[in-house]
Amino acid sequence: MRYLIPGPARTGTFSKESSMVSTVRRICASIACLAGAGAGAQGLDIFKDADLAMGQRLMTEHKCQQCHATKFGGDGSAVFRPGERITTPGLLRGMVEQCNTELGLGLFPEEVTAIAAVLQRDHYRFK
Ligand code: HEC
């Protein structure tokens, strides 16, 4: 499934931290809109074939944690706040998909799923 973000076409990737933060805010706002659009209805079965090792490797490769640590301190995991904006597996995967698009990472759908599955296992722990 693909989520489209309304707004003008963007060129290139993030060059400034501040632009990243506002972009991530916008991503999150659009995620909130998706809650009513069915994404929230997806359950944990979306992660059942996920390749966790690949997810882990991709997160290192794309420096997810490094950026979060800069912003939130510690190991960066304070960024993950289960139960605030992201309240279901579907929304978690949707968030990673949005980051993929916004950061221009070019991840395949199964790679997005793999990353989201690692976040589920280590941080969100939806039941
Ligand atoms: C350039 C910095 C940067 C990079 C790189 C980055 N993030 Fe983030 N991310 C942020 C910021 C800043 C926020 C919080 C935005 C806010 O609170 O409004 C965030 C929030 C998130 C959230 C939402 C947490 C929650 O519970 O609300 C998830 C999930 C996430 N990032 C996953 C990722 C993943 C996966 C990657 C790597 C593929 C990644 N991020 C790469 C800066 C970054």
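Where is the place of Lys63? Select Lys63 and you land in the loop between H2 and helix H3 (64–72). Numbering starts from 1 along each chain, following the sequence as written. What you have open is a predicted model, where local features need pLDDT of at least 70, side-chain atom pairs count only at pLDDT 80 or more, and totals for chains, interfaces and linings use all residues.

**The whole chain**

Zoom out for a moment. The protein chain has five helices and zero strands, so reading from the N terminus you meet α-α-α-α-α. Helices here are DSSP runs of H or I with at least four residues, strands are runs of E with at least two, and both are numbered from the N terminus.

Now colour by pLDDT, the predictor's confidence in each residue, from 0 to 100. The chain averages 81, and 67% of the residues score at least 70. Select residues 31–40: the pLDDT is below 50 there, and this stretch has 18 contacts in the model beyond near neighbours in sequence. Two residues are in contact if their C-beta atoms, placed from the backbone, lie within 7 Å. Of the chain's contacts with a separation of 6 or more, 78% join residues 24 or more positions apart.

Buried residues make up 24% of the 127 residues. "Buried" takes 20 or more other C-beta atoms within 10 Å of the residue's own, "exposed" takes 12 or fewer, and "partly exposed" is in between, with C-beta atoms placed from the backbone.

**Back to Lys63**

With 12 C-beta neighbours inside 10 Å, Lys63 counts as exposed. Check its backbone too: phi is near 55°, a positive value in a residue other than glycine. Most residues other than glycine have a negative phi.

**H2 against H5**

Next, show H2 (residues 52–61) together with H5. Their axes are 7 Å apart and the packing angle is about 95°, which makes H2 and H5 roughly perpendicular to each other. Axes are lines fitted to C-alpha atoms, for helices over the stretch in contact, and angles run from 0 to 180 degrees between N-to-C directions. Under 35 degrees counts as roughly parallel, over 145 as roughly antiparallel, 65 to 115 as roughly perpendicular and the rest as oblique.

To see the contact, pick Leu52, Met54, Gly55, Gln56, Leu58 and Met59 on H2, then Glu111, Ala114, Ile115, Ala117, Val118 and Arg121 on H5. These residues divide into eight nonpolar, two polar and two charged. Ala, Val, Leu, Ile, Met, Phe, Trp, Tyr, Cys and Pro count as nonpolar, Asp, Glu, Lys and Arg as charged, and the others, Gly among them, as polar.

**H4 against H5**

Keep H5 (residues 109–124) on screen and add H4 (residues 89–103): this pair packs at about 125°, with axes 9 Å apart. H4 and H5 are therefore oblique to each other. On the H4 side, the contact includes Pro89, Leu92 and Val96, and on the H5 side it includes Val112, Leu119 and Tyr124. Its residues split into eight nonpolar, three polar and two charged.

**Two last stops**

Which loop holds Gly76? Look between H3 and H4. Gly76 has 16 C-beta neighbours inside 10 Å and so counts as partly exposed. Neighbours within four places in sequence aside, Gly76 is in contact with Gln65, His68 and Ala69. Try a distance label from Gly76 to Gln66: their C-alpha atoms are separated by 7.1 Å, though the two are ten residues apart along the chain.

Finish at Arg125, in the segment after H5. Arg125 is not a glycine, yet its phi is positive, about 50°. With 9 C-beta neighbours inside 10 Å, Arg125 counts as exposed.
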